[in-house]
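Here is a short, friendly briefing to read alongside the structure. Keep the 3D view open and follow the residues as they come up.

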Amino acid sequence: MLWLAGFIAGITAGLSSGYFPYTTSILILSIVVSVFLFNHRLRPSIGRSLIFSLLFLAAAVFGFSIAKISLSQATDPASLAGSEVVIETTAFSSTQNSYSVYPYRAYDVNGTEIKGLRQVRVAGMPELELCSSYRMRVKIANDIFLNPGNSAQQVQARLLGINLLKSGSEIFAASLKCVFSRMKQDLNIRMQEIFSPDTAAFLMSVTTGYRGGFSPDLRDAFSSTGLAHLISISGTHFGLLFFVVFQLFKRILSLLPYKMLALITLYATPSQISALMSMPVMVFYLGLSDMSFPAVRSFIMISFFLFGLLLQRRGLWLNTVLLAAALILLFRPDSLLDLSFQLSFTAVLCIGLAADAIRRRHEAQRNSPASSEQKAWPARIKESSKKFIFSTSIISLAASAGTAPLVAYYFHYTSIISPLANLIITPIAGFIVLPLALFSSFTFLISGAFPLVQVIESITSFCIWLIRVMAGFSFAELKISAYPMALLLIFYASFAGLLFMYAAGLRCQRELKLRNYAILTAVGLLPFIIWSASGSFSENGVKVTFLDAGQADSAVIELPDNRVIVIDTARNGFQAASYLHYRGISRIDALVISHAEADHAGGAGYLASRFEISEIWDNGMIEYSGSLADINKRSMLRGDFAEAGRYRITALHPHDSFYTFASDESGENNDSLVLLLDTGKNRFMFSGDIAQEAVDDLVELQDALSSDVIKVPHHGSRTAADEIFYFYVSPRIAVISAGRNNQYGHPHEETIAQLQSALVYRTDVDGAIQVKEYSGGRLEVRSWREHILNPADGISSELANIKRLFAVW
């Protein structure tokens, strides 16, 4: 166990040393010293203790080297922005339009190999032949958006050309993965034909790993109830399936004639035989799954557990989990940074600790005098039911509690109803639906008939109905605003300390005292309590965030009375939605659409599907359809205003008598709704995409245009670079929303020249930009690029990174 822990610690150090070189070294040396002191206290021998310490250090150095080699071969996606790349890949699922490509080779147009490019989302894809190999020429998107809430992004690309390298019929027989891909495709098609859409979506997700069939509301229902883990094949599925199959084979063996059973058990115990018979089922399920890393590492853990059964050493669960982690990290060190990896192993470790505590409790009950008394079968059934409910509840609660900080940090919510939902739904899904679905799938693949359709449909439909009901409760989930990464690290450092003490207790053959659990839990939770308490004393002023949306516009205004206004949505609304989730916001009080162009209004429908929107404000020239048509509208013209407390929002443009003579795109731009937010101490102007005609009209307002902060019109285009306009506005701070390496050359030099007296911030350079007003009227500007970690080249830069760990937007 020691060398496994050392290897994982070394991987962690290797991945973080680029940002925290001195801190990482100090922590590793501290752990080595702790290992020495612990072993010396256990057995007072300096030589033995030194050997254990050096063993841990050697494993850590090996892990550190593996991580560093992996990082040196990886390619920064930002360095590929705007470039053409050639990708060679094999299609393991047929698709159209948009497709996640997993290259086995990638290189630039000069033939230089690109290493570490593992996944690319390619738009404009034709239908692909299953299991065929292709060479694709793609254009990597210019924008890697730098916004709060979407730090981990998939590389996006547009297809330029595609050529067939090798047909699927040529490599089908040679590739086991292709065999399973054909099976998955046939199963998905059949399930969509015979089951209702929601049932088919769930069954496909737990059997073949295909998750594209879920409606947004059903996916949200799984998330709200803390059951999202059920729709992504992971350790839960392999563990539950193994339990059912293992128990089934043990039951079948017990039904054999006595002489046959006696003959078989001369060579192996029933548990060993059942474990061996379960292995092919696990292999079949792995092949049928999406072969994702959660599925593969879950299979590895189950395999080692089965191996432990064969050796009659079932108690080494912690070694099994650490060995599975070490094997995954050996081949993919960056998996440690993958959220699914973190969630999967945290849940398994918590379940292991809880299961061990339950085992000790049951052993104590069995050894008590009361347990030796003979009980009638109703009493035994009642006692067994209580044990099952208690054990399931504790295990579910342990997994939920252990992963809650991760879920809250990445997804900004926690499911209040998760323990109850997991207690009811997980056993039904794992012990009934999954085995029946796999049995019917196997039968279909060998015979063409899919049995038990009505039974599976009824049970699954009931589960989905119950999930929707629980998700509908107002208390189902709690929105959580972003909190510093340091809190997360402290919590899991205390959790690692608990695991260390647990392992130490096993070695010393002593139980870990409840006091130790309490101390480590308090250490992990205390920072969260302090952070939550400090939030109630923080100043609640106006906060305006201009999001990095590429060659598009989107901004979020957070007002002192907790109202939220979103001004424009960019092309798809993803950036605004991610930021609102990051802030723990579920309601938009006003969605402002400056004009109908896609780079300003394209994401309105998406936001409407994800948030409750009270009103839409626009220029009165936009027609709506779908869910947007049902939302209250407010058309704002010059002089119209909305106010509350000490702030006032006024429309400056357009007005009834304004008419644009432009018939092209600039005509719609000139009709943009221009708003002025006046807080009493500062004024913020949001100018949409206005061009010269609108600017000429606005300068008639003269001093009424005066603003401390301006969102520069039309991405900094020269069409609004009017000297008189900027003379009257006289901004202290100017924000330009433009895409990196955009084809228009925005912002233009003429516009920059007009802003010489202002502090100019650009989303293509700085990422998201936030302007916060304090009570005295002071404005603070910060960019998201300043907030993200940077490689450390000295103590000062490392201290800056440590400071960033404790900061939050």
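Helix 6 (residues 197-207) has nine of its eleven residues buried, so this helix is largely enclosed by the rest of the structure. Please bear in mind that the model is predicted. After helix 6, the briefing turns to aromatic pairs, charges over rings and strand pairing.

**Helix 6 and what follows**

- The buried residues of helix 6 are T199, A200, A201, F202, L203, M204, S205, V206 and T207.
- Just after helix 6 comes G209, which takes a positive phi of about 80°.

**Aromatic pairs**

- Searching the whole structure turns up 24 aromatic pairs.
- One of them joins F214 and F222: the ring centres are 5.8 Å apart and the planes stand at 80°, so this pair is edge-to-face. An angle over 60 degrees is what earns that label.
- Both F214 and F222 are buried.
- Y409 and Y483 are also edge-to-face, because their planes meet at 65° with the ring centres 5.5 Å apart.
- Where do Y409 and Y483 lie? Y409 belongs to helix 14 (residues 377-411), while Y483 sits in the loop between strand 8 (477-479) and helix 17 (485-508), so their pairing ties together parts that are 74 residues apart in sequence.
- Y409 has a relative accessibility of 19% and therefore counts as buried, the cut-off being under 20%.
- Y483 is buried too, with a relative accessible area of 7%.
- Y409 and Y483 belong to one aromatic cluster, together with Y410, F491, Y492, F495 and F528.

**Charges over rings**

- Which residue lies over the face of W617? That is R634, placed 5.7 Å from the ring centre.
- Over the face of Y774 you will find R778, at 4.3 Å from the ring centre.

**Strand pairing**

- Strand 12 (residues 587-592) pairs with strand 13 (residues 612-618) in the parallel sense, over five bridges.
- To locate this pairing in your viewer, start at L591, whose bridge partner in strand 13 is I616.
- Strand 13 also pairs with strand 14 (residues 632-635), in the parallel sense and over four bridges.
- Here I616 appears again, with K633 as its bridge partner in strand 14.
- I616 therefore makes a handy landmark for your viewer: look for L591 as its partner and K633 as its partner in strand 14.

Notes
Residues numbered from 1 in each chain as written. Predicted model: local features only at pLDDT ≥ 70, side-chain atom pairs only at ≥ 80, totals over all residues. Heavy atoms only, no water. Phe/Tyr/Trp six-rings, centres within 6.5 Å; stacked < 30°, edge-to-face > 60°. Buried < 20%, exposed > 50% of the residue type's maximum accessible area, 1.4 Å probe, protein only. Helix = DSSP H or I, 4+ residues; strand = E, 2+ residues; numbered from the N terminus. Lys NZ or Arg CZ within 6 Å of the ring centre and 35° of its normal. Pairing = 2+ DSSP bridges.
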